[in-house]
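Work through these exercises with the model open. Try each task before you read its solution.

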Amino acid sequence: ITDPGVWRVLCFGDSNTHGTPADDPDYVRLRADRRWTGVLQRLLGAGFDVVEEGLNGRTTDVDYVDRPGCNGRAYFVPCLQTHHPLDVVVIMLGTNDLKSCFDRTPQEIANALDGYLDDITSHVADRHGHGPVTVLVSPIWIDDEAASYQEVTSASFDSRGVQRSRELGEAIQRVAHHRGVLYADAADVAHAGGDGIHLSLDSHGALAELFADTVLQAIHTTSVEPPS
């Protein structure tokens with residue numbers, strides 16, 4: 001993207017933003033044109049620059065004992081500053097916090113995401129010096145009845161984590177409304193594939209459509225129209 005007038009959209013997330021497949025035993029990353037971020041770029045068109053920042057295993061703000069670099073909060077400010085200015089910031093995190101090793105509640109995860117909004121306020125602006133449009137996204141539900149869940153995924157999550165994935169949306173939505181940012185629920189349009197945790201292939205397109213609608217509606221309420 002070389003047009004300086006494009007709207008820059010940062011998509012910050014975990015393996016479901018990175019493009020980890022749900023139904024490939026070799027876990028070969030989905031092609032750029034199949035990942036929801038790539039589909040979003042196509043849907044929004046040449047007037048937008050979709051910046052993909054997805055990492056396998058990323059948490060909101062907790063550290064693994066043996067897996068460095070996955071604490072999303074530690075990387076978030078440098079990420080914002082790297083891509084500044086930003087017109088839209090989409091954050092979809094929380095699934096990895098539900099792992100048994102962290103045992104976090106939906107409210108604890110939502111509180112962590114609240115901290116991300118502080119970082120946005122303090123460290124990034126859009127091209128006009130205003131705060132970017134921000135979208136907090138509740139991730140898809142964990143499906144413990146998926147075909148390969150027991151074999152591939154169940155060692156990382158207990159029944160509490162599975163149930164809490166269904167309760168996470170309400171907690172995140174409360175934070176979004178309290179802070180005056182947009183909210184989207186990935187589970188409204190998307191679901192897990194065979195491993196029970198990663199997006200099914202068809203869900204990437206549905207999620208991209210949800211975000212395209214959300215982004216376009218949001219920016220049309222600003223004082224500057226997007227490029228045609």
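**Exercise 1. Which strand does M92 lie in, and what surrounds this residue?**

Step 1. The model is predicted. In it, M92 belongs to strand β3, which covers residues 88-92.

Step 2. Check the accessibility. M92 has a relative accessibility of 5%. The cut-off for buried is under 20%, so M92 counts as buried.

Step 3. List the contacts, leaving aside neighbours within four places in sequence. M92 then touches F12, G13, D14, N16, T17, W36, V137, P139, A186, L207 and F211.

Step 4. Pick one partner, V137. It sits 45 residues away from M92 along the chain. Their C-alpha atoms are separated by 4.8 Å.

**Exercise 2. Find the helix that holds F211, and say whether F211 is buried or exposed.**

Step 1. F211 is part of helix α7, residues 201-219.

Step 2. Its relative accessibility is 2%, so F211 is buried.

Step 3. Now look for partners beyond four places in sequence. F211 is in contact with W36, L40, V90, M92, V137 and A184.

Step 4. Compare this list with the one from Exercise 1. W36 and V137 appear among the contacts of M92 and among those of F211.

Step 5. Take one more distance. F211 and L43 are 168 residues apart in sequence. From C-alpha to C-alpha they are 9.7 Å apart.

**Exercise 3. Locate S200 and name the residues that S200 touches.**

Step 1. S200 is in a loop. That loop runs between β5 (182-185) and α7.

Step 2. Although S200 is in a loop, it counts as buried, at 5% relative accessibility.

Step 3. Skip residues up to four places away in sequence. S200 then touches H191, A192 and G193.

**Exercise 4. How many disulfides does the structure have, and why is C70 not bonded to C101?**

Step 1. Search the whole structure. The count of disulfides is zero.

Step 2. Start from C70. The closest cysteine sulfur is that of C101, 11 Å away. A disulfide needs the two sulfur atoms within 2.5 Å, so this pair is too far apart for a bond.

Step 3. Start from C101 instead. Its nearest cysteine sulfur is that of C70, and C101 is in no disulfide.

Step 4. Check the surroundings of each. C70 is buried, with 4% relative accessibility. C101 is exposed, with a relative accessible area of 56%.

**Exercise 5. Describe the whole fold: which elements occur, and in what order?**

Step 1. Count the elements. There are seven helices and five strands.

Step 2. Read them from the N terminus. The order is β-α-α-β-α-β-α-β-α-α-β-α.

Step 3. Test the packing. For 228 residues, a compact globule would have a radius of gyration near 17 Å. The protein has 17 Å, so the two agree.

Step 4. Add the extents. The C-alpha trace spans about 50 × 30 × 30 Å along its principal axes.

Step 5. Look at burial and contacts. Buried residues make up 54% of the 228. Of the contacts with a separation of 6 or more, 75% join residues 24 or more positions apart.

**Exercise 6. What does the protein expose, and how many charged side chains of each sign does it have?**

Step 1. The exposed area is about 10300 Å². Carbon and sulfur atoms supply 48% of that area.

Step 2. Count the charges. There are 17 positive and 34 negative side chains.

Step 3. Locate the centres of the two sets. They lie 3 Å apart.

Definitions and conventions:
Residues are numbered from 1 along each chain as its sequence is written. This is a predicted model: local features need pLDDT of at least 70, side-chain atom pairs count only at pLDDT 80 or more; totals for chains, interfaces and linings use all residues. Side-chain values use heavy atoms; hydrogens and water are left out. Helices (H or I, at least four residues) and strands (E, at least two) are DSSP runs, numbered from the N terminus. The radius of gyration is taken over C-alpha atoms; the globule rule is 2.2 Å times the number of residues to the power 0.38. Buried means under 20% relative accessible area, exposed over 50%, partly exposed in between (1.4 Å probe, protein chains only). Contact means heavy atoms within 4.5 Å. Accessible areas come from the Shrake-Rupley method with a 1.4 Å probe; for residues, only the protein chains shown count as cover. Lys and Arg count as positive and Asp and Glu as negative; His and the chain ends are not counted. The place of a charge is taken as NZ of Lys, CZ of Arg, CG of Asp or CD of Glu.
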